[in-house]
Amino acid sequence: MSPGWPGNASVSPRKSWRKCLGRGKSGHLCPCDPAPDKLKIIVPGVALGDEAVRQIPGPSTQEMGANTSQVSDLSENQSLHTLIGTESISENDPFWNQLISFTFISPTNSGDSKLLEEAVIPLAKILIENNPRTGNFGALVRIFLGRTKELKISTECQDQLFIWQAHNALFMIRCLLKVFIREMTEEELHLQFSYQERAPGTYAGSEDLLEELMCNLVHLVVEVPLLDITYSILFEAVTTMLVLLSYQLFHKDILRDGLIYQYLMKGRCLSLTSRLVKTLLYNFIRQEKCPPPATHIFEQHSEGGGLFYGLASGVASGLWSVFTLGGAGSKPGLDQEQNPLPLSNQSLLLLLVLANLTDGPNGCPNPYRQAVTCFKNTQDTSSIPTEQHHTFQINFNSLYTALCDQQRSDQATLLLYTLLHQNTNMRTYMLSRTDMENLVMPILEILYHVEDRNSHHVYMALIILLILTEDDTFNRSIHEVVLKNITWYSERSLTEISLGSLLILVVIRTIQFNMTRTRDKYLHTNCLAALANMSAQFRCLHQYAAQHIKAYFTVLFVCASLFALLSKKHNKVLEQATQSLRGTQGGDDSSVLPDYAQDLNVIEEVIRMMLEIINSCLSNSLHHNPNLVYALLYKRELFEQFRTHPSFQDIMQNLDTVIGFFSQRLEIAGTDLSVERVQEVIMKGAQALPKERLKKFPELKFKYVEEDQPEDFFIPYVWSLVFNSGVGLHWSPTGIELFSMDSG
């Protein structure tokens, strides 16, 4: 097994199994207060008093004009210099209300995210130096925590101003944390939360502010309802959790412990495990688009196509005011067009990260994986076993629909794999659907465009097919589903074809691509395993599918000719290679064999496997597959050399019997037969061939089994998806240790 793959097909029974979330404090408005007609906002930089208050008639509609500034101007911003400076700021200081009163929507494209990151890094590094004396970062966190305690009430009261300020505080925390995590260890990060302003002679409290923040984010995600006015802060909460977990990116080895890990696995967050997983799944299911800017506290305005920051009318922000999320302010770039559903995307990434955390060092299972593997359908009225922890119910129909619609993304395909492989309730539900084509077709399209997909996405799609083909009912039903006009299949117009025949076509095409390009043995194994699982239920193969099998054998014929030539010349080396492959030497010596010897062994395995697949089809469903028989007769000379080869002699018996039987009947029918007449002879002959003349072989069945340590594959894979697909997140490749930059 290659260390780069999560698992492989295992064959049974003849081969060994291979593991292939009044007034308030500090001067902010109480969320229970009735919404005023005019909002009073304190203007930073102006002395307190009557002059310091300006009245804003609802959402701003005035152009920002000369007040607009660029990201590069952040380094000159006075409010930020106060935050990161050498003076402590009391939590009751009006400064905080000023600091978090800016109009902002998170970035979604990598260009904007990179600009923001580059602007924040030097500021964050200054804060790292000064924070041990000022404790200003901890004060900012406490300001956010104070706001979040009333967020649910704010939502019920439609208090957009309150939610707006809480969002801004969290965004600032997230931006700073992202730099902190790259610059320091978890223990050093914990100290940045511990520093705080205190009077001489007093002692610091025992609160763990980092854990408080983590638990607060989880509470926010699971308790605050998803509405237009809460979309941005929920997105920010999910993103901040991803940032806190991103220490893994900077370690080559898989992290199996640590502070943040402990908070999630054992701390106060543990009791919210099932609610968090359920909420993240529903965020994925709902596929909510980001609301237009008009739903936020101030409407966004900007001229030009660059990345601009401006001031809302009457709010002399201490920071920036516009950072578009597919709204006004900048032209939507490619990344924005690819990420129209930022909360859905980010929630799915967080779910995958959590589900793939390793089990605890003392063997304590990952609770998030437990929740993913045992949730049930809302329509399932049976009681949940008491021994099942962190379980919940979710609408399977909605989840199935979302999975069918989203397979163009790696992360959705990985979620589908996870549910099929680990959640027996969901797998049973999927296999019982009468519209399996809605799920299978997107998977086949991934494989059809194999040259445009990364290897991990292709491999996960293949494993999904392998898992599906383990079910005989699936293998029968796909031949009963008739498809019309497959638009993405461009090599030939397929006006009408069964789903089963299309699956065979695409898988064989993938094998051919692999033979000429990537030459990946494990990809071959899984392709052939899926075909093998289906072979006994092949029904009414489309003529084009049968021709593809024949064409594939033509390729194999060339390979086999090479095999025969070299086997005579290098008998001893090939014998050693074969022994190594079959494990007779008790170890894997293939690494010391010449490349051509290893390639020839792969060719021999592929030929053997294809012969077994054809034999299984002929033995179990000959009368259902006249087109396959026709293709075999048309290229019968391909099989001549296999009869005398010791690796193929046994499996060739049935093929010889079938080819000989039908050849004789065609000779009796006469010469110069039309195609229609040949097919008629084959149809009648299929009914007349005595089954007892065909040798019985054990059932050809493969099963997918994960490796013993699947985290070695899945954790780097999941974080490569976060690195490449996280909305509004940018990491410099420098310092990334978990995976190479070309591994996505």
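Start by selecting helix H8 (residues 209–223) and helix H9 (residues 231–244) in this predicted model, and turn the view until you can follow how H8 passes H9 in a left-handed crossing. The axes of H8 and H9 come within 9 Å and cross at roughly 140 degrees, and H8 and H9 are therefore oblique to each other, since an angle has to be over 145 degrees to count as roughly antiparallel.

Now show the side chains where these two helices touch. On H8, select Leu-210, Met-214, Leu-217, Val-218, Leu-220 and Val-221, and on H9 select Ile-233, Leu-234, Ala-237, Val-238, Thr-240, Met-241 and Leu-244, which together make the contact. If you colour these residues by class, you will find 12 nonpolar, one polar and no charged residues in the contact of H8 with H9.

Keep H9 on the screen and add helix H6 (residues 160–183), which packs with H9 at an angle of about 20 degrees, the axes being 9 Å apart. That angle makes H6 roughly parallel to H9, because angles under 35 degrees count as roughly parallel. H6, too, passes H9 in a left-handed crossing.

Which residues of H6 meet H9? On the H6 side, select Ile-163, Ala-166, His-167, Leu-170, Phe-171, Arg-174, Leu-177, Lys-178 and Ile-181, and then, on the H9 side, Ser-232, Ile-233, Glu-236, Ala-237, Thr-239, Thr-240, Val-243 and Leu-244. Colouring by class here gives 10 nonpolar, four polar and three charged residues in the contact of H6 with H9.

Stay on H6 and select Cys-175, which has its place in this helix. Is Cys-175 buried or exposed? At 9% relative accessibility Cys-175 counts as buried, because the cut-off for buried is under 20%. Leaving aside neighbours within four places in sequence, Cys-175 is in contact with Leu-116 and Val-120, so display those two side chains as well. You can also draw a line from the C-alpha of Cys-175 to the C-alpha of Ala-124, a residue 51 places away in sequence, and the distance in space is 8.6 Å.

For the last stop, move to helix H16 (residues 410–422) and select Thr-418, which lies in it. Thr-418 counts as buried at 9% relative accessibility. Look for the backbone oxygen of Leu-414, which lies 2.8 Å from a polar atom of the Thr-418 side chain. Finally, add Val-372 and Asn-423, which Thr-418 touches when residues up to four places away in sequence are not counted.

Notes: Residues numbered from 1 in each chain as written. Predicted model: local features only at pLDDT ≥ 70, side-chain atom pairs only at ≥ 80, totals over all residues. Heavy atoms only, no water. Helix = DSSP H or I, 4+ residues; strand = E, 2+ residues; numbered from the N terminus. Buried < 20%, exposed > 50% of the residue type's maximum accessible area, 1.4 Å probe, protein only. Polar contact = N/O pair within 3.5 Å; in protein donor to acceptor, adjacent residues only side chain to side chain. Contact = heavy atoms within 4.5 Å. Axes fitted to C-alpha atoms, helices over the stretch in contact; angles between N-to-C directions. Parallel < 35°, antiparallel > 145°, perpendicular 65-115°, else oblique. Left-handed = near helix turned anticlockwise from the far one by under 90°. Nonpolar A, V, L, I, M, F, W, Y, C, P; charged D, E, K, R; others polar.
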